[in-house]
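Q: I should like to learn how the features of a protein model are read, from the overall fold down to single residues. Could we work through an example together?

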Amino acid sequence: MEKYLCIHGHFYQPPRENAWLEEIEKQDSASPFHDWNERITSECYRPNATSRILNGDNRIIDIVNNYAKISFNFGPTLLSWMEHYAPDVYAAILKADRLSRENFDGHGSAMAQVYNHIIMPLANARDRVTQVLWGLEDFRSRFGREAEGMWLAETAVNIDTLEVLADHGIKFTVLAPRQASRFRKIGATKWNAGIDSKRHYICNLPSGKQITLFFYDGERSQDVAFKGLLKNGRDFAEALVSTFDDRQEPQLVHIATDGESYGHHHRHGDMALAFCCRYIESNGLAKLTNYSQYMHLVPADHEVEILDNTSWSCFHGVERWRSDCGCGNESGYHQRWRAPLRESLNWLRDQVAGVYEEKISEYQVDPWKLRNEYIQVVLNRNEEFVDRFLGIHIKKKLSGEERTTLIRLLEVQRQSMLMFTSCGWFFDEVSRIETVQILQYANRAIQLVEQVSELKLENEFVERLRKAESNLPGIKNAALIYQHEICPKRIGLINVGMHYAVASLFDENPEKLQILNYSCISDPFERYNAGVQILAIGRTKINSLVTLSEKQLSFAVLYIGQHQIIGSAAEISEWIFNEMKQEIVQAFKESRVYKVVNIMQQYFGGSNFSFFELFKDAQIKILGKIMETNIETAAGSYKRIYERNYNILTVMNSAGLPAPAVLKQNTEMVINIELVKSLQRPNADLRNLNHLVEEVLKWQIPVDIKQLEFETTNKINGLIAQFSKHPDDLKILTDISGIISLIKKIDLKPSLNELQDQLFKIGRESSGLWSKSDKPSDRLLLDSLLRLASEVELDMTVPVPIKKP
């Protein structure tokens, strides 16, 4: 009797990028991280790439890549973000698929996913095809192989969706047990109700094609996701193994949950997963597998029929994404907004599709085949590649304007799919950030259509949104959300030019800047300083790296001080610009600020902007630059007060007298500031750090734990990175050990994950060589390495199996 076990993680985040900037703006709800992708990567995706296995003494005996032992899928839009913002995790995920092929007879554990997580049964036929093709191409480009399986968003399925999967070579998918209607042994006449999740099944489709279906263990999956099974790795393993029965044929126990269960939803869930896999393998309790390997090892001998229009997260089928079904209602709110929201977006999709089809057909090309292949451009925005792509599909020579029109039309289609991302309907209120996000994609689609045609869609779209009523009296409906939160964010090339103008005030190389997904090149560009005041003036060409549209703008921007920025930008001729520049520069040099502003208004008219028109992240960045000098000045003043009063405060402290509150607070600020500075220095200064720690203890100072733990983590990570490049530098190890010892005295607990990872890697690669060396320096290095490893709870001996007690 062969027992196989498969754990599947569905790792996914909705696309969060600003529809115009193609970047995620700061999300305050994800604090202290920049955004939710960054936060969940820290809590889940990265830990699973380097998960710790502990022994009975809670010491780390191994660091493993969990993805290599399980089945998994990552959403394409999440991987796109991760490639740029968490490249180490991205590389570990790709490596895990390669390792899994070694573990599972050449069958990789990664599954593809429909592109941006739309509910396939609610999509039209064209969108279903494009979602599959885009998901497959994205998978191929990242993992370097063809996908055998594809994950459906929310496992939402109907027969039409399975037909699309089978049409495009997908061999299997995974569903929830309640999505099965009935099953039977192939060749039998009697059907059985429900499903036996320990088997896999052939689903015969009306077209004559077949697809293999796996139905995960619902009870055990619920235990993992919602009932605390991840509190203990051994309990997790035993619970999975206990699910096997005594049948005398191969059986597969498998679970499927959101991958975020392993770390984000359940802290240290990644470690429970790592321990579980090691425990099962060490004790021979089952053979770990993935769906692809099992499908090839054990031929399916049963067939199944599914229940159409069902999913894993709605008891009512797929109503969670189109009606007031009650699923996801955690606040007692109604969800009547779901139906009119979907109806509004369906209407918009069909309207823009008509424009797209008409305009693209003018180039004698199949518009929908072109859209299906546009994923190649989404994956490679290089202008030369875009030209090559268009050259293959469009037979006539294109002007720059025609090229931009074609890309805009294709972007309309991308936005019109992004606006159906499932999370927009998942929760209980229409004003949540997930729904606001999909409305932003709708706005971008409307804007692009208006740029390539005479069709005006916004007024009717807004009227339709009025039927999507909010639960919150002040918000009323989705139309008001759209008008107040989305429309003000709509930007064009002029807005980008204004942003560039402000950035040019402070940047070291202002003549050529990339502002998010726009390139800005200025010629001429001039910048003048007069005390705190700065004037920047120039002509810049702005290019969209997505639509390839461009615009030449003239600008002038004046920084007066603090956050006071006054600027103007517009399309004016070069000779008018030169005339204006001469007047403005002369007025600025004469310190006649009022005249500078008057000249701007004279030449630019009403095209003015200020600090408040900047993108949110840019506001934060510029405020940081502006405040830098002020903070340094204030810190210097605090330190002088501290130094002048140090001796008298010492006398008062020795005499048991309370220090004046204002001087006590000043001392606290100075010591905290100096601690941050000490940790930010390029080289470790243990003498200075030790002095500051003694001062903290002497004055009983409350330290800024969050900031200092962050700085300490960065310092230690920087030092171990240096050691990785210079593994013969004993001082680096000594400095790290010294820092850890000192910060313990003031109860700081920085993250040691990166240090542990690197020590573990170095130890595995080099400790054997050092131990065999006759050089005293090598022995000293080895002793220091092992000592530091011990200090951070690392057991550097060869990992041993985790046996049953």
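The dialogue below goes from the whole chain to one helix and then to two residues.

A: One point comes before the rest: this is a predicted model.

Q: How many helices and strands does the secondary structure of the protein come to?
A: The count is 28 helices and 20 strands.

Q: What radius of gyration does the protein have, and what would a compact globule have?
A: The general idea is to set the value against that expected for the chain length. For 805 residues, a compact globule would be near 28 Å, and the protein has 31 Å, which agrees. Along the principal axes, its C-alpha atoms fill a box of roughly 95 × 75 × 55 Å.

Q: How are burial and surface read for the whole protein?
A: A residue is called buried when its relative accessible area is under 20%. Of the 805 residues here, 56% count as buried. The protein exposes about 35,300 Å², and carbon and sulfur atoms supply 50% of that area.

Q: What percentage of contacts between residues at least 6 apart in sequence join residues at least 24 apart?
A: In this protein the share is 69%.

Q: How far apart are the mean positions of the positive and negative charges?
A: They are 1 Å apart, for 94 positive and 105 negative charges.

Q: How does one read a single helix, and which residues of helix 7 are buried?
A: An α-helix has 3.6 residues a turn, so residues three or four places apart point the same way. In helix 7 (residues 233-241), the buried residues are Gly233, Phe236, Ala237, Ala239, Leu240 and Val241. These buried residues pack against strand 1 (3-11), helix 6 (218-226), strand 12 (251-258) and helix 8 (269-282). At the N-terminal end, Asn232 acts as the cap, with a side-chain oxygen 2.9 Å from the backbone nitrogen of Arg234.

Q: Is Arg349 buried or exposed?
A: Arg349, found in helix 10 (residues 338-361), has 11% relative accessibility and therefore counts as buried. Its side chain makes a polar contact with the side chain of Asp350 at 3.1 Å. Beyond its neighbours within four places in sequence, Arg349 is in contact with Asn124, Asp127, Met419 and Phe420. Arg349 and Met417 are 68 residues apart in sequence, yet their C-alpha atoms are 8.2 Å apart in space.

Q: Where is the place of Asp196, and which residues does Asp196 touch, not counting those up to four places away in sequence?
A: Asp196 is in the loop between strand 9 (192-193) and strand 10 (200-204). With a relative accessible area of 17%, Asp196 is buried. The residues it touches are Phe183, Tyr201 and Arg247, leaving out those up to four places away in sequence.

Technical notes
Residues are numbered from 1 along each chain as its sequence is written. This is a predicted model: local features need pLDDT of at least 70, side-chain atom pairs count only at pLDDT 80 or more; totals for chains, interfaces and linings use all residues. Side-chain values use heavy atoms; hydrogens and water are left out. Helices (H or I, at least four residues) and strands (E, at least two) are DSSP runs, numbered from the N terminus. The radius of gyration is taken over C-alpha atoms; the globule rule is 2.2 Å times the number of residues to the power 0.38. Buried means under 20% relative accessible area, exposed over 50%, partly exposed in between (1.4 Å probe, protein chains only). Contact means heavy atoms within 4.5 Å. Accessible areas come from the Shrake-Rupley method with a 1.4 Å probe; for residues, only the protein chains shown count as cover. Lys and Arg count as positive and Asp and Glu as negative; His and the chain ends are not counted. The place of a charge is taken as NZ of Lys, CZ of Arg, CG of Asp or CD of Glu. A polar contact is a pair of N or O atoms within 3.5 Å; within protein, one must be able to donate a hydrogen and the other to accept it, and residues adjacent in sequence count only if both atoms are side-chain atoms.
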